[in-house]
Amino acid sequence: MIRRSHTAVVERNVRWSGTFATEPYEAAWASEAAFFIRTLKPGTLRAEAAARVQISPDGMRWADEGTAVPLLAEPGVTFGRVSRFGGWLRLAGELGPGDALTVIVYLVLKE
Amino acid sequence: MRKRRTLPRPVRPVRAPAPPADRLAADSPATLSLKAAVASSDPRLSRFSPLSRILFFDDFDDGFNGWGGHIGNYEGSLDTMLPAYRDLRPPMLSTIPMWDTGSVGALDGTYALKLATRPAAGSLAVAIKRLTWRYAGPIQIEFIFTFKPEASALELLETGVRAFGFAFDLQAGDRDPAPRERVMPHLRYLNALDGRRMEKWQFKRAVEPLRDVGGSGKTRSHFHLAPSGWEDVPDGGQQLCYNEIATKHNWYYVKIGFDLASMVFTAFRCNDREFDPAGIAPMRFPAMPNLSCMLNPFVWVEADGDTRAFLYIDSIVLSADVDA
């Protein structure tokens, strides 16, 4: 049996600055997931930064899962992989004062 | 608060669907009887009332079944997209988990298709499935669905969902006689508006302006889900079973019939209410390039305040008479 999978675009052409978080995404059917963050155009990033993978029991209260996805100032792609995450996933993070990125974020899920 | 436009124009009478001149062999009475027997013996199908040929039966325990996110047209850059299209939220598969009672689950099985808005008034989530039709005859779509806002407060939250809706995006075949049209039947349940409970069905025949996108002349876009132009379905008020707290869900049934030959509504039902299809009409405008025989059903949900609005769909059946 071929395993089911799905790619969700959870942010598209969105500008991140200050504190950011992707919308909650339910994925209890999947046993593994990868977040990809693609920087779409040159941005401003004055220090190394990353988005944190977070998990939740209810889609409203979140805890860091421990995986970080690096952020890029220039166009490019980074990723972070997680498994055994329960039912909910999102990314959260903070950018420094004056920093901003325009990104598209993919959540790639597999049974 | 947005200013709303009302369109008190009369709806033109519904023409009876034209008998198909080129129809393939219709099912014999024996075949129809056998089909009915098979459908009624399957508990998942027997809750539907499909036309003679099922084009798809999507149960979201089996996956997304081709229901994906929606996006506006663009050219050269995503920045060229009409602003209202930029952040339509995508579907997911949900066990309908509640913070207080755990997963609700689907009507049967575990997963429902879920649409979730951002926590902002006017935020939309849309799921669409794209097909083409083979035969310009009657079609019918049926949904088992429920809706609720995110249970973000220990309150009823009955006005958290502004609206949810069901629609088609259709176009004539490339050899069909003029005037070839693109036709978009839209129906929505306006649950609340600006914090006030509304609880009524509406349709939209007003066509939003078509705007050029990009600059090549090949791409145009119009935001058909805009808040303007909605009209009340005659006698379309209906109280649904919202239930008593924000974490309790009841499933509903809706059925929409449409004729691809005459491009008019033929049926509209929600639970115990059958609405007169003569009182509702679709958007109609000249056919556009590259959309011949388009048959796209789509669904959406819209938030009314700073609470996420959710629409859940257990299963969907699209059916047609004879062949489509």
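## An enclosed strand in chain B

All eleven of the eleven residues of β10(B) are buried, so this strand is largely enclosed by the rest of the structure. Buried means 20 or more other C-beta atoms within 10 Å of a residue's own; exposed means 12 or fewer; partly exposed lies in between; C-beta atoms are placed from the backbone. Strands here are DSSP runs of E with at least two residues, helices are runs of H or I with at least four, and both are numbered from the N terminus.

Which strands pair with β10(B)? Strand β21 (residues 294-303) of chain B runs antiparallel to β10(B) and is joined to it by nine bridges. There, V161(B) has A303(B) as its bridge partner. β12(B) is also antiparallel to β10(B), with five bridges. F166(B) stands opposite L187(B) of β12(B). β11(B) pairs with β10(B) in the antiparallel sense over two bridges. Q171(B) is matched with R182(B) in β11(B). Pairing requires at least two DSSP bridges between two strands. Strands of a sheet pair through backbone hydrogen bonds, either parallel or antiparallel.

## Basis of the model

This is a predicted model: local features need pLDDT of at least 70, side-chain atom pairs count only at pLDDT 80 or more, and totals for chains, interfaces and linings use all residues. Residues are numbered from 1 along each chain as its sequence is written, while chains are lettered from A and ligands numbered from 1 in the order in which they are written.

## Chain B overall

Chain B has two helices and 22 strands. Its C-alpha trace spans about 60 × 55 × 40 Å along the principal axes. A compact globule of 324 residues would have a radius of gyration near 20 Å; chain B has 20 Å, which agrees. The radius is taken over C-alpha atoms, and the globule rule is 2.2 Å times the number of residues to the power 0.38.

Buried residues account for 40% of the 324 residues in chain B. Among contacts in chain B between residues at least 6 apart in sequence, 74% join residues at least 24 apart. A contact means two C-beta atoms, placed from the backbone, within 7 Å.

## A helix without buried residues

Helix α1(B) is hardly covered: zero of its 13 residues are buried. How far apart are the end C-alpha atoms of helix α1 (residues 29-41) of chain B? They are 18 Å apart, which agrees with the 18 Å that 13 residues should span at 1.5 Å a residue. The expected span is 1.5 Å times one less than the number of residues.

## Backbone exceptions in chain B

Most residues other than glycine have a negative phi, and most peptide bonds are trans. The peptide bond from A178(B) to P179(B) is cis, with omega near 0°. P179(B) sits in the loop between β10 (161-171) and β11 (181-184) of chain B.

N65(B) is not a glycine, yet has a positive phi of about 55°. Its loop lies between β1 (53-59) and β2 (68-69) of chain B. N65(B) counts as partly exposed because it has 16 C-beta neighbours inside 10 Å. D194(B), also not a glycine, has a positive phi of about 50°. D194(B) is in the loop between β12 (186-193) and β13 (196-204) of chain B. With 12 other C-beta atoms within 10 Å, D194(B) is exposed.

## Chain A

Chain A has zero helices and nine strands. Its C-alpha atoms fill a box of roughly 45 × 30 × 20 Å along the principal axes. A compact globule of 111 residues would have a radius of gyration near 13 Å; chain A has 14 Å, which agrees. Of those 111 residues, 34% count as buried. Among contacts in chain A between residues at least 6 apart in sequence, 78% join residues at least 24 apart.

An open sheet of four strands in chain A has the order β1-β9-β4-β7, with antiparallel pairing. β1 and β7 (76-83) of chain A are the edge strands, each pairing on one side only. Eight bridges join strand β4 (residues 32-44) of chain A to β7(A), and the two run antiparallel. A34(A) has R81(A) as its bridge partner in β7(A).

## Where the chains meet

The contact takes 14 residues from chain A and 18 residues from chain B. β1 (5-16) and β3 (25-26) of chain A each supply at least two residues of the side that touches chain B. The largest share of that side, five residues, comes from β1(A).
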